[in-house]
Every structure is written in C-alpha cells, then in structure tokens.
Amino acid sequence: MIPFLDLKAINAQYRDELVAAATRVIDSGWYIQGTEVKAFEEEFADYCGSKHCIGVANGLDALTLTLRAWKEMGKLEEGDEVIVPANTYIASILAITENRLKPVLVEPDETTFNLCPEKTAAAITSKTKAIVAVHLYGQISPMPALMQLADKHGLLVLEDAAQAHGASMDGRKAGSWGHAAGFSFYPGKNLGALGDAGAVTTDDEELAKIIRALGNYGSHKKYENLYQGVNSRLDEMQAAMLRVKLQHLDAETKRRKSIALAYSKGIIHPALAQPIPASSTFESLENHVFHLYVIRTTDREAMQACLADAGVQSLIHYPIPPHHQQAYGQWAEQVYPLTEAIHQQVLSLPVSPMMTDEQVESVIAASNRFEMH
Ligand SMILES: *Cc1c(COP(=O)(O)O)cnc(C)c1O
C-alpha cells in the first residue's frame, strides 16, 4: 500500500527533536504568547522574506482576520468586491463572506489552476477592492503581473499561501508578494503542526498590530479592548513543533520536487494531463512546492480504480466547486465551465516526502497501465 501522505512516518523522522521541544514547553509553565511563538514568528517571517509574522489559530483565521483588519483600517467596507479563483478551496471564500465582503469568482488559468492576470483584469469593476491570490496545490500565482494590476487599480492583495510554503517567483517567496498573506500549518500542509495552526505575514506594521489585537480579543494591552476581537492565537506547543518542522521544510520540499519531476517524465499516458511539462528541472520549479501533484483525466473514476488496484492511494482536490456547495446556494445557477471541468477531472497522486524511489516507480507504472473505459 502506498499511502497518500503518511503523517506518522513524516513526524517520526523528527521524533527526538519534537519530544525535546514539547518537553521544553511543558517544563516552561508558559503555554500562550510566550517565547516559542515569538521565536517562530521571527523565524517564519525571515523564511518568507517578510517583515512581520503573526501567529494565529489556523489558516482560515489568518485570511479572515487580515480582511477584518483591513475593514478596521477603513481600507475595505461591507459589500466591497473581492476577486478570488472560482476553483479554490472553500476556506479562501469563507474568509471573504465571513467579513460580509462580496466574492467575485474568476475562472483560473487552465494549466496552473491559479488566477491569471487577463481574466482577473476582466473581472475588475468600480467596486473591486481586493484580490485573494490562492497559490493552489503549491504553485505560486503570477505575482508580478497581479501586483502590477493591483497597483494600477488601487487594490489590496491577500495571498492565500496555505499550500505554498517556500514557493517563490523571481527569487521572492510566497508570503512576501502581497500586502499580506495567510498560511495554514494544518498537519497535512507542507509545513504542518501537530494540530491546528496558522499565520499571517506582511510588511505592514500597522496591519500586523491590528491582526495581533484582533486575534487576542481585540486587545493590544491587557484588559484594554480596541476592537470586538476573537480568540485566535498560535499556542506555544504548536509553535515549538513548527520551529522543528521549519528546519526540515526545504529538504522535504526538495524530495517532493524530485518525485514530481519523476512523475512528469515517467507518466507518458496520453489521457493523463500532467501539471508540469516533462522537460521541467529543479531550476524551473522554483515556483512550485508540490503540496499536491494534480493530474487531469476525463475518466477519473477508472484512473482512481486503476491506482487502487496497484495499492496506490489517490485523492480528489476538490470534488465539488465552491459555487455548487450548499453553503453558497445563491450561486447554484452560476456557470464556470473550466472550474466545473477541473473539479470533475482532477486527481492527486501521492507526493509524500517519505515515498521511496521504488514506490514512485510503482505509481508511474500503474499510471501508464491505465485503460480508459
Ligand atoms: C488549508 C487551506 C486553508 C485553511 O487552512 P486551515 O488551517 O485548515 O484553516 C485555506 N486556504 C487553502 C487554499 C487551504 O488549502
């Protein structure tokens, strides 16, 4: 059996370090807003190349609180339009609607699954105030062009970098391009805690302060409340786990990339569309950290069965597009043909950094044996 992602095996590699870090926290007697969070925030800001990092409870809160802070700053108002890819994971959109802003769903680029500057530009109206650029599956969005577009129209850009820790473009990492970025450290993400965790990165000091206050009951100072805030903090235990995991992130990403390269060269089935060209190299993949390796096929069910027969676990990211979710029933009549096709055709192959070369070869062989019905 080749599991999709063996979290137990991933974390077992660092068991001694994780136990030492957990012990340090237990013995400190200090579990919220202490030295581990402060150190992780500095280390992660440094890793991303941004000035500030604010730890929060999860990735959804990172996005929600950033938009909320922009409202508190008077930069956004209820009803403002926010452009977001139609094919994103639901959390990107929940953050927008939670703030009573209006999501404007835009079809993605057909090959990268991310926003493209042309379709984004076409969706801008006088009410557009922000863009949520989701770096889906681990590939960074075309940030230079999106930032240029945002500058031209005076828009805020929030990166949803929940899947793209360490992806970069022109030597600049995800999290350092937009006016702010939200990260998730959900256990299955490339940088995963041992529970829920998230963070915002930004160069904007005022924004950082407001997000920090919002996540702490709206308080900058004990018992003084500037905002009607929430409780959304990264805790000392998860921060300590993340400090260990951050040190190994680049090595894990490198392994993910080598698996992706092997797939792109080895899987030569004409009915399986690869996310990257077979000619890709490590150098050409600076923009992708392969949170997921997502192929497309018009007979996904048969392909998934074919992999299962070979003992290979595959998953679908994601089976239902946001505009067809019951939660957003008001969009049921809207039509996004590319997004709908993507949701019908995508299949994620395992790219766990724990996979052996032999397992990678098995996935390739099983894929090439696929027979369409
Ligand atoms: C995981 C994820 C989130 C939400 O992160 P949580 O930590 O699970 O709240 C947001 N956006 C994207 C694209 C994600 O993949």
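K221 is a good place to start in this predicted model: with a relative accessibility of 52%, K221 counts as exposed, because the cut-off for that class is over 50%. Its partner in a salt bridge is E224, and the closest N and O atoms of the two lie 3.8 Å apart. That distance qualifies because the rule asks for a nitrogen within 4 Å of a carboxyl oxygen. E224 itself is partly exposed, at 44% relative accessible area. Elsewhere, R24, E36, E43 and R243 are joined into one network by salt bridges that share partners.

Let us stay with the charged pairs for a moment. Side chains of opposite charge can pair when their charged atoms come close. By the rule used here, the count of salt bridges is 11. One of them brings R212 and E41 together, at 3.2 Å from N to O. This pair ties distant parts of the chain to each other, since R212 sits in helix α8 and E41 in helix α3, 171 residues apart. R212 is partly exposed at 40% relative accessibility, whereas E41 is buried at 9%.

The salt bridge between R68 and E72, at 3.0 Å from N to O, is a local one within helix α4: the two residues are 4 apart, so about one helical turn separates them. Here R68 is buried, with 19% relative accessibility, because buried means under 20%. E72, at 35%, is partly exposed.

Helix α4 also leads us to the pockets. Spanning 59-72, α4 supplies at least two residues to the lining of the largest pocket, as does α5 (90-98). The largest share of that lining, 3 residues, comes from α4. The pocket has a volume of about 650 Å³ and is lined by 32 residues, with Y186, G188, K189, H291 and Y318 nearest its centre. In character, the lining divides into 17 nonpolar, 11 polar and 4 charged residues.

The second largest pocket holds about 320 Å³ of space. Its lining has 13 residues, and those nearest the centre are Q33, N216, S219, K222 and R233. Two or more of the lining residues come from each of α8 (205-214) and β10 (219-221). This lining is made up of 3 nonpolar, 5 polar and 5 charged residues.

Finally, have a look at the surface around I32, which lies in the loop between α2 (15-28) and α3 (35-48). I32 is partly exposed, at 36% relative accessible area. Together with I26 and Y31, I32 makes a nonpolar surface patch of about 280 Å².

Key
Residues numbered from 1 in each chain as written. Predicted model: local features only at pLDDT ≥ 70, side-chain atom pairs only at ≥ 80, totals over all residues. Heavy atoms only, no water. Patch = residues over 30% accessible without salt bridge, like charges linked within 9 Å, V, L, I, M, F, W, Y side chains within 5 Å. Areas by Shrake-Rupley, 256 points an atom, 1.4 Å probe, with all protein chains shown as cover. Salt bridge = Lys/Arg side-chain N within 4 Å of Asp/Glu carboxyl O. Buried < 20%, exposed > 50% of the residue type's maximum accessible area, 1.4 Å probe, protein only. 1 Å grid on protein atoms, 1.4 Å probe; cavity = no way out; pocket = protein on both sides within 12 Å on 5 of 7 lines; lining within 4 Å. Points joined across faces, edges and corners; volume = space filled by probe spheres on them. Nonpolar A, V, L, I, M, F, W, Y, C, P; charged D, E, K, R; others polar.
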